[in-house]
Amino acid sequence: MTIHADIRDSDENPIREVKAETPEILYVRRYNGVQRVNHWITAILFTLLALSGLAMFTPFLFFLTGLFGGGQATRVIHPWFGVALMISFSLLFLRFWRLNLPNRDDVEWSKKIGDVLTNREDRLPELGKYNAGQKTVFWGQTVLIAIMFVTGLVIWDQYFYAYTVIETKRWAVLAHSLAAVLAIALIFIHVYAGIWVRGTGRAMMRGTVTGGWAYRHHRKWLRQLAGTKDTGGTTDKHGA
């Protein structure tokens, strides 16, 4: 038996009928194509920015400049990666900021972080589309990318040398470097969490998750999608 889903996401956007790839498994649409493309463009730009930035950060990583055509080419292209990232991330921010606003569920989830780390999902509160950890990464990256962008402009001497003094530029370099290190650390946490929680990667690769995954990790969001408090029929046979 093949189950079909015809539901709406939390933004009230209609979703096409999703056909299960395996009998008796329901797939729920989590991200549309535009959202996924925006996410991956942002991820690629962040990676390029991190690699080119690290190449200039320490002599031990200077060999990374070979990926961009040498030291001089890296210095030229790095700021433009930053501009492109700011544009791409801004589009991502506009799409998701409302869904990442903190609420009471996040407080309860945070209090039970021990249960989160030990996968005792039955002890956690029902959650919307994102949990407190995901929201922390979202807002953390928002602040850090903004800091990197502003300080990056201050130290972009090719175009903005005359607008600030040397002391300001020095402080900007320090802030820029610290923000970059923290942003890279957050990305590692983001990637690790995506691998650790089985089934999460599918959301950004194919746009769907199983009904069981949604019921286990984001039950309140699933209820909103189904438009009913009865979600007994939304999980797949194996609870995956």
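**Salt bridges and a nonpolar patch**

Hi everyone, let's start with Asp157, which is partly exposed because its relative accessible area is 39%; that class sits between buried, under 20%, and exposed, over 50%, with a 1.4 Å probe and protein chains only. A word on the source: this is a predicted model, where local features need pLDDT of at least 70, side-chain atom pairs count only at pLDDT 80 or more, and totals for chains, interfaces and linings use all residues. Residues are numbered from 1 along each chain as its sequence is written, and side-chain values use heavy atoms, leaving out hydrogens and water.

Now, which residue meets Asp157 in a salt bridge? That is Lys169, at 3.3 Å from N to O; a salt bridge here means a side-chain nitrogen of Lys or Arg within 4 Å of a carboxyl oxygen of Asp or Glu. Lys169 lies in helix H7 and Asp157 in helix H6 (residues 157-160), so the pair ties together parts 12 residues apart in sequence. Helices are DSSP runs of H or I with at least four residues, numbered from the N terminus. Lys169 itself counts as buried, at 7% relative accessibility.

The structure holds 5 salt bridges. Another one joins Arg223 and Glu126, 2.9 Å from N to O. Arg223 is in helix H10 (residues 219-226) and Glu126 in the loop between H4 and helix H5 (132-154), so this pair links parts 97 residues apart in sequence.

Back to helix H7 for Tyr192. With 56% relative accessibility, Tyr192 counts as exposed. Thanks, folks!

How values were computed. Helices (H or I, at least four residues) and strands (E, at least two) are DSSP runs, numbered from the N terminus.
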